[in-house]
Amino acid sequence: MAEAHQAVAFQFTVTGEGIDVSLNHEALKAVYDSSKRSWKKRLSRFRNHLVTTTYPASPASWLAVVSVVLAFSLARIDPSMGMIATVREYLPLGSYLDTGTSSYMSTIVFATIVWLVGIYSMRYMLKFVLSYRRFMYEPRGKSSLLTKIWVICLKVFCTRKPQLYSYQATLPNLPLPSIDDTLRRYLRSVRPFMDDEKYNKMERLATDFKQNLGMRLQRYLYLKWWSSSNYVSDWWEEYVYLRGRSALMVNSNYYGLDTIMWQSSRFQAARAANVTLSCLKFRKEIFQETLDPIMVQNLVPLCSWQYERLFNTTRIPGLETDKVVTFHTSRHVAVYHMGRFYKLLFQINGYNLNACELEQQYQYILDDDTEPGEGDKYIPALTAGERIPWAAARQKFFKSGDNKVSLDIIEKAAFVVVLDEDEHDYDPEPLEDFRKVYPSWYTKRSSENPIDKDDYTQLDRFGRSLLHGKGYDRWFDKSFNLVVFKNGRVGCNAEHSIADAPIMAHLFEYAYAEDYITLGYREDGHCRGTITKELSPPQLLKWNIVPELLGVINTSREFAINLANDVDLHVKVHNAFGKGLMKKCKVSPDAFIQMAMQLAYYRDQGRFNQTYEASMTRLFREGRTETVRPCTIESCDFVRSMDNPEYSAEKRLELFKKAVDVHVKSYRDAMNGKGIDRHLFCLYVVSKYLEEESPFLHEALTEPWRLSTSQTPHQQTKKMDLVKHPEYISAGGGFGPVSDDGYGVSYIIAGENMLFIHISCKVSCPTSNSRKFGQAIEKALADVKNLFKID
């Protein structure tokens, strides 16, 4: 009630002597400060907009151009060849101005036009320069003359320090491949795993598609390409992510692990406070556009569009399609602990809480012994289940009262923080008590796909907790959940439609650097700083769980638990060698790992299958991902040779290098907009709009990805030198299996001598086992290394 009274700036009462006005000066000051902050933000956004839209020039260049033109005019030299006089004739209100004023005004207008023409000419020229791609296909250290000239031009244009979005308007559009090129690449990519009968059928379907429906679809797609900044991204987000009706947990969301070789504090509240502040600093740099854009080879910028929705963003469920909503600002995080949600303000009346004060707020939540109401504990399970029941429940039970208020607080939060009651750590030894930790999972795993009792490690348990938790303790709709465990370990669970893994990896690499290097901790492990003011405790959210809603929650929770129990996840730590040895072999580390993975998969399954590797297309405006297909004719030739005694070591090495060359070129093609799958996907979307059926597109897009892979990038922030401090490298992250009878594999090249490989599959599939596949990958890596005879 005291806060409510303070919120009233003035009060008045009518007495017999007149009107008695009572001013609350503290409240008036708060209103003034709030208005000042609001105007500062507006001015900052306006300034950033000016700087971004004028790049590679600057707003100050306008003054220089105006000064030069005015100087010529004062010297009675007309630099406009009569255009200033023409401007004066058509100048609004020119007849009301004296000759001198109208002359100055017309000169300024002319100079502004010249400046704008110059700005847009420079931007167009920079866009043309950034369209150059030949440098990506040249051997490292052997640049052609044309590439050297291109580098000089790029450095001439980009002399000013760019802001986060400075390059956005100058990035080239994603090119639209021709039908011929896409079909040729597609048929070559499927030849290794199709028998002659099936391949001949696909050839006939492709030829028919090209000669009939394909060219018509391509013409419509060309219109889409011409009229949009990216012909793929909006459809990809809508039809692959937002229209999906299956659960986000496991099927879509992905996770990221802590830096397992280093731990700064074992106090849960302290670590939560520091990482929260670090994430909020990253958010501030995004909003102020001071975050450095990611550059390839310190020359070519990547698209920064996905950073816009990293914070204050949630995915709203719908009956037919979901939608992504980003709120303008947020001054709080939503905190989940032991079945209770809290609203924790990190900014109060313009005052930002320091780390010590945030730790106190988190500690209050940890110490709170309030019992959650019936059903309150399991409310997050709604976001873990299928989308339609959650959408229907949201429309029916969350439109008013406590439920609406509490849901708004969660959805409008900067992000969600989960204070988990479990402990996780890194221990390379097998975990003996795994059956105690996940009893229902262990029973299902042992009965459907027998394993040794000591097959799984603490790192596996760590990854499982971040991928799905208990099925009811993560808010899977939020852009990301910062999960802080009881012993101070942290991780994240991220929603995929909002941002791809490299964006989230950048955030947490930055946050870990801030946590370890900038903020730090006292010797006793608590946050630095002092508590400067008395703070109200975080607000406990209230829910009204009626029996019908409780039934929906319990159904979603049961679904989520069953889904989680069907996930077999293993995190393999490969420390026999790493990137250092691969570079000695003069082989791309990614290609080295991918070829080893093809060998491991063939040994594990006894066949070849369509393989997915994610490649980024952020060299283009609003680019996201494209598919690389590592299973090629050349990779299959290499794999067959490895276990065939008729092949010598020299021949195997020759086949390996040939497979690597093909893979590297395919990866570069995908990065440069010459991929296969996004083009086929967009053609399929156009066919659905036209209500046309294509047997070729149906066959091509329904072929399962039984091996889905992705590499997690690192060293995206300059704050942390991972060469000097390799212990700060994160263990990467992973995702659930894409196919019911396949594997999902994510890997991070952690410095010179270590790899982390996250492997997932389904327990219910009798032919897959994440631990055994991890062992197969480890053996395949060793076998490939032995081809080079390098220690």
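Against which helices do the buried residues of helix 23 pack? The legends below address this point and related close-up views. The model is predicted, with pLDDT of at least 70 needed for local features and 80 or more for side-chain atom pairs, while totals for chains, interfaces and linings use all residues. Residues are numbered from 1 along each chain as its sequence is written, and side-chain values use heavy atoms, without hydrogens and water.

**Figure 1. Surroundings of helix 23 (residues 633-642).** Helices (H or I, at least four residues) and strands (E, at least two) are DSSP runs numbered from the N terminus. Seven of the ten residues of helix 23 are buried, where buried means under 20% relative accessible area, exposed over 50%, and partly exposed in between (1.4 Å probe, protein chains only). These residues are Glu634, Ser635, Cys636, Phe638, Val639, Ser641 and Met642. They pack against helix 7 (179-190), helix 22 (589-605), helix 24 (649-671) and helix 27 (770-788), contact being defined as heavy atoms within 4.5 Å.

**Figure 2. The largest nonpolar core.** A nonpolar core is a set of buried Ala, Val, Leu, Ile, Met, Phe, Trp, Tyr and Cys residues joined through side-chain atoms within 4.5 Å. The largest one has 207 residues, and Tyr362, Phe656, Phe696 and Phe773 have the most contacts inside it. Helix 11 (residues 268-287) gives the most to this core, with ten residues. Not counting residues up to four places away in sequence, Phe656 touches Val587, Phe592, Met595, Phe638, Val784, Leu787 and Phe788.

**Figure 3. Crossing of helix 24 and helix 27.** The two axes come within 9 Å and cross at roughly 110°; axes are lines fitted to C-alpha atoms, for helices over the stretch in contact, with angles from 0 to 180 degrees between N-to-C directions. Helix 24 is therefore roughly perpendicular to helix 27, a class that spans 65 to 115 degrees, beside roughly parallel (under 35), roughly antiparallel (over 145) and oblique (the rest). On the helix 24 side, Ala649, Arg652, Leu653, Phe656 and Lys657 meet Val784, Leu787 and Phe788 of helix 27.

**Figure 4. The environment of valine 483 in strand 13 (residues 480-484).** Valine 483 is buried, with a relative accessible area of 0%. Its contacts, not counting residues up to four places away in sequence, are Val418, Asp420, Leu466, Arg474, Arg489, Val490 and Gly491. The C-alpha atoms of valine 483 and valine 416 are separated by 8.4 Å, although the two residues lie 67 residues apart along the chain.
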